[in-house]
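Q: I would like to learn how to read the place where two protein chains meet. Could we go through one case together, step by step?
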2 protein chains.
Amino acid sequence: MSEFGPATTVRRRTEGAYDVDLDPDWSIGDKPNGGYLLAVIARAACDAAAAPHPLAVSGHFMRAPVAGPAEVRVEVIRQGRRVSTVRAGLWQEGRPFVETLISAGAIAAGDPEWAGDPAPVLPPPADCPEWEPPNFPIPLFRRMELRLDPATHPWPGNGNPVIRGWIRVRDEAEPDPLLLLVAVDAMPPTVFHLGRFGWAPTVELTGLVRAVQAPGWLRCEARTKAVEGGWFDEEATVWDATGRLVAQSRQLALAAGS
Amino acid sequence: MSEFGPATTVRRRTEGAYDVDLDPDWSIGDKPNGGYLLAVIARAACDAAAAPHPLAVSGHFMRAPVAGPAEVRVEVIRQGRRVSTVRAGLWQEGRPFVETLISAGAIAAGDPEWAGDPAPVLPPPADCPEWEPPNFPIPLFRRMELRLDPATHPWPGNGNPVIRGWIRVRDEAEPDPLLLLVAVDAMPPTVFHLGRFGWAPTVELTGLVRAVQAPGWLRCEARTKAVEGGWFDEEATVWDATGRLVAQSRQLALAAGS
């Protein structure tokens with residue numbers, strides 16, 4: 001039985017409010033992972049809209065919450081036949097920490113109609129080392145196994161801010177597409193390749209969930225196109241074990257030292 | 001004097017409400033362009049938050065409004081030193097049409113700290129034809145000049161859903177970074193290259209405004225990575241006349257015939 005389900009459980013208290021319990025195991029240092037927060041929020045939003053999946057989740061991050069009890073406040077703005085639009089925010093101690101807009105509906109069930117770039121070819125997971133920084137605990141890696149392509153790690157490497165690797169949840173049960181929201185935010189900051197080490201707070205992250213992943217390893221590639229005024233973009237693409245593109249994201253974050 | 005400023009003017013009526021007048025000239029057919037709507041909404045949001053620029057604008061589109069009077073309802077969720085977070089929605093006849101979350105602040109003033117891929121090399125604008133479909137008027141092109149790289153047009157071409165071209169506002173005055181939100185949504189749908197002709201409604205579009213553009217032509221590249229269950233992603237990147245990356249976006253839209 002996967003720990004991801006229990007760690008993202010939402011309990012409806014009123015029409016617009018869900019109680020949640022942020023699990024300390026899904027954190028980077030002592031801060032819950034941003035993608036994990038989006039997964040919790042999206043679960044509440046989909047429940048409120050009676051929609052099976054999030055299609056597009058736009059999260060704007062204002063403050064980093066702590067693990068423990070929190071609340072998701074949900075407003076279904078429009079209930080549609082194909083897509084419902086939901087505003088949902090994560091609150092703790094009476095203040096909003098993350099605000100989201102979510103378009104929810106049913107993601108692709110059949111084969112892709114068209115696909116472009118194939119999934120990147122990586123050395124097998126056994127040849128990709130696990131990564132954890134020396135003096136900074138990442139509890140998330142108790143739950144998610146992250147193995148980095150040696151061509152993109154260690155850093156700073158060739159000055160190219162690209163990181164590729166394998167990702168899976170350690171105790172996988174039935175694949176849950178909400179896990180893809182964690183996967184798009186699980187890579188170390190690509191700007192490590194530019195020597196910008198340290199905390200890189202996300203201001204905005206939008207994730208698209210394109211298909212339900214097949215069981216097994218996910219492949220993820222994160223890349224940055226520009227650092228300007230301290231801000232950098234980080235785009236993540238996730239493919240499943242069959243090579244299908246299952247999620248995409250881009251975030252805007254602040255590079256360490258800015 | 002540019003027409004873009006007057007077409008995106010917002011008039012504050014109360015603390016949380018701005019009157020706007022959607023200009024029919026910024027439309028595709030009879031529907032105001034989605035990027036134009038985001039520019040109008042972002043102008044109100046930045047005014048309410050006393051922030052100079054939008055950094056990240058996430059728009060979720062529920063219905064297509066018509067040109068004419070409308071209202072932007074704004075709530076500043078958090079006023080920050082570096083970033084303010086704003087929720088802003090476009091309303092018409094008492095209903096919401098577009099909801100947004102906007103992180104606003106000051107975009108890069110100096111040179112980029114780091115930049116990856118250079119701007120694409122295109123034939124000069126004079127060698128890139130203007131485009132307008134035969135039986136479908138696009139009033140937007142009265143205001144914006146769009147010249148498509150013959151390597152990426154006409155369609156369906158080589159089956160590769162990439163469209164590149166030059167874009168500028170016809171009556172440019174001082175460059176306005178809000179115009180970049182129009183630029184990221186001005187290209188024809190890339191899925192035309194896959195033979196999916198027709199209206200492709202945007203469900204979600206998030207745009208990052210990375211820098212103030214230099215005067216002159218913008219270069220834009222739009223590309224799609226997958227079509228799944230009728231949904232396609234379209235990523236747009238915009239460079240200014242100096243070759244600087246100034247805006248990025250990704251949208252999720254529904255391909256015609258889905």
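A: Let us begin with an idea we shall need, the polar contact, which is a pair of N or O atoms within 3.5 Å, where, within protein, one atom must be able to donate a hydrogen and the other to accept it. The model in front of you is predicted, and across the interface of chain A and chain B the rule finds 36 residue pairs in polar contact, with both residues at pLDDT 80 or more.

Q: Which strand gives the largest share of the side of chain A that touches chain B?
A: That share, seven residues, comes from strand β16 (residues 245–254) of chain A. Sorted by class, the side of chain A that touches chain B holds 25 nonpolar, 16 polar and 17 charged residues.

Q: How many residues take part in the contact, and what area do the two chains bury?
A: Chain A and chain B each bring 58 residues to the contact, and between them they bury about 5100 Å², with 54% of it on carbon and sulfur atoms. In chain A, the residues that lose the most area to chain B are Trp114(A), Lys225(A) and Glu228(A), together 15% of what that side buries.

Q: How many salt bridges does the rule find across the interface?
A: A salt bridge needs a side-chain nitrogen of Lys or Arg within 4 Å of a carboxyl oxygen of Asp or Glu, and the rule finds 12 of them across the interface of chain A and chain B. One of these pairs joins the side chains of Arg196(A) and Glu113(B), at 2.7 Å from N to O.

Q: In which sense do strand β14 of chain A and strand β9 of chain B pair?
A: Strand β14 (residues 226–228) of chain A and strand β9 (residues 114–115) of chain B pair in the antiparallel sense, over two bridges, and Ala226(A) stands opposite Ala115(B) in β9(B).

Key. Residues numbered from 1 in each chain as written. Chains lettered and ligands numbered in written order. Predicted model: local features only at pLDDT ≥ 70, side-chain atom pairs only at ≥ 80, totals over all residues. Heavy atoms only, no water. Contact = heavy atoms within 4.5 Å. Buried area = accessible area lost by both parts, 1.4 Å probe. Polar contact = N/O pair within 3.5 Å; in protein donor to acceptor, adjacent residues only side chain to side chain. Helix = DSSP H or I, 4+ residues; strand = E, 2+ residues; numbered from the N terminus. Nonpolar A, V, L, I, M, F, W, Y, C, P; charged D, E, K, R; others polar. Pairing = 2+ DSSP bridges.
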